[in-house]
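The following exercises concern a single protein model and its geometry. Each task is followed by a solution worked in steps.

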Amino acid sequence: MSKLAELNTDDLKDLYRELILDHARNPRNFGPLRSATHRARGANPLCGDTLELYLELDADEVVRAARFEGTGCAISLASASLLTETVAGLPRHLALQWFEQVTASLTGGRSEFDLGKLMALQGVREFPARVKCATLPWHTMRSAFQQQATTATTTTE
Ligand code: ZN
């Protein structure tokens, strides 16, 4: 039995809350990326979250580095921080599959992936207004891959 499985639901919620707060207070991979090959800006006007996401892809389309800057609520910062940890080292197509799985899991669907730490974001499903905070960095990543000049926004979902 895994350590996680021994925890009851309240313990799990506490654990997830701690993980979110930890990533919000100390976001991983925070700051500009000079070597970025792809970048996009994301905004969630409903909450005031904004972020700039930077990706460095190599010739084989593997994400060599992912970093972000921005301001926002704890959920959006934690989601962006977790995103950079998740997609670093992944080929582009797999990173985009993560986009699909994570956004599906947050908007009422089921993920076919073992979401690992990203399970911590699932708590927002009870709060529809916060779902956009959690999905914003992922939409921004997709925009960056598409090299869209426009700002990613969550309002048209
Ligand atoms: Zn937010």
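A cavity is a set of grid points where a 1.4 Å probe fits but cannot get out, and its lining residues have an atom within 4 Å of a point. The model is predicted.

**Exercise 1. The enclosed space**

Task: Determine how many cavities of 30 Å³ or more are counted, and describe the lining of the largest cavity.

Solution.
Step 1. The count gives one cavity of 30 Å³ or more. The volume of the largest cavity is about 40 Å³.
Step 2. Its lining consists of Asp-49, Thr-50, Leu-51, Phe-68, Gly-70, Thr-71, Gly-72, Ser-76, Leu-77, Ala-80 and Leu-136. Two or more of these residues come from each of β2, β3 and α2.
Step 3. Sorted by class, the lining holds five nonpolar, five polar and one charged residues.

**Exercise 2. The zinc site**

Task: Identify the protein donors of the zinc ion, and state which parts of the chain Asp-49 and Cys-73 tie together.

Solution.
Step 1. Sulfur donors come from Cys-47 (SG), Cys-73 (SG) and Cys-133 (SG), while Asp-49 (OD) is listed twice. These donors lie 2.2 to 2.6 Å from the zinc ion.
Step 2. Read along the chain, the donors of the zinc ion have the spacing C-x1-D-x23-C-x59-C.
Step 3. Asp-49 belongs to strand β2 (residues 49–57), and Cys-73 to the loop between β3 (63–71) and α2 (74–87), so the pair joins parts that are 24 residues apart in sequence.
Step 4. Asp-49 and Cys-73 are both buried. Asp-49 is also among the residues that line the largest cavity.

**Exercise 3. The largest pocket**

Task: Characterise the largest pocket by its volume, its central residues and the helix that gives the most to its lining.

Solution.
Step 1. The largest pocket contains about 450 Å³ of space. It is lined by 18 residues, of which Lys-13, Arg-17, Ala-120, Gly-123 and Val-124 are the closest to its centre.
Step 2. At least two lining residues come from each of α1 (9–25) and α2. The most are given by α1, with seven residues.
Step 3. By class, the lining of the largest pocket comprises eleven nonpolar, three polar and four charged residues.

**Exercise 4. Two buried residues**

Task: For Ala-66 and Gln-122, decide whether each is buried or exposed, and list the contacts each makes beyond four places in sequence.

Solution.
Step 1. Ala-66 sits in strand β3. Its relative accessibility is 4%, which is under the 20% limit, so Ala-66 is classed as buried.
Step 2. Beyond four places in sequence, Ala-66 touches Asn-29, Tyr-54, Leu-55, Thr-84 and Val-87. Its C-alpha atom is separated by 12 Å from that of Ala-40, 26 residues away along the chain.
Step 3. Gln-122 occupies the loop between α3 (92–106) and α4 (128–146). With a relative accessible area of 15%, Gln-122 is likewise buried.
Step 4. Gln-122 contacts Ser-105, Leu-106 and Leu-115 beyond four places in sequence. With Ser-105 there is a polar contact between side chains, at 2.8 Å.

**Exercise 5. The loop between β2 and β3**

Task: Establish the exposure class of Asp-58 and Glu-61, and identify the polar partners of the Asp-58 side chain.

Solution.
Step 1. Asp-58 is placed in the loop between β2 and β3, and Glu-61 is placed there as well.
Step 2. The relative accessibility of Asp-58 is 22%, so Asp-58 counts as partly exposed. Glu-61 has a relative accessible area of 37% and is partly exposed.
Step 3. A polar atom of the Asp-58 side chain lies 3.0 Å from the backbone nitrogen of Val-62. The Asp-58 side chain also makes a polar contact with the side chain of Arg-64, at 2.7 Å.
Step 4. The C-alpha atoms of Asp-58 and Ala-36 are separated by 10.0 Å, and the two residues are 22 places apart along the chain.

**Exercise 6. Positive phi angles**

Task: State the phi angles of Asn-29 and Glu-61, and locate Asn-29 in the fold.

Solution.
Step 1. Asn-29, a residue other than glycine, has a positive phi near 55°. Glu-61 is not a glycine either, and its phi is positive at about 65°.
Step 2. Asn-29 is located in the loop between α1 and β1 (38–44). Its relative accessibility of 31% places Asn-29 in the partly exposed class.
Step 3. Asn-29 is also one of the residues that Ala-66 touches.

Terms used
Residues are numbered from 1 along each chain as its sequence is written. This is a predicted model: local features need pLDDT of at least 70, side-chain atom pairs count only at pLDDT 80 or more; totals for chains, interfaces and linings use all residues. Side-chain values use heavy atoms; hydrogens and water are left out. Donors are N, O and S atoms within 2.8 Å of the metal (3.2 Å for Na, K and Ca); water is not among the atoms, so sites may look incomplete. Helices (H or I, at least four residues) and strands (E, at least two) are DSSP runs, numbered from the N terminus. Buried means under 20% relative accessible area, exposed over 50%, partly exposed in between (1.4 Å probe, protein chains only). On a 1 Å grid over the protein atoms alone, a cavity is a set of points where a 1.4 Å probe fits but cannot get out, and a pocket is an open set with protein on both sides within 12 Å along at least five of seven lines; lining residues have an atom within 4 Å of a point. Grid points are joined across faces, edges and corners, and a volume is the space filled by probe spheres set on the points. Ala, Val, Leu, Ile, Met, Phe, Trp, Tyr, Cys and Pro count as nonpolar, Asp, Glu, Lys and Arg as charged, and the others, Gly among them, as polar. Contact means heavy atoms within 4.5 Å. A polar contact is a pair of N or O atoms within 3.5 Å; within protein, one must be able to donate a hydrogen and the other to accept it, and residues adjacent in sequence count only if both atoms are side-chain atoms.
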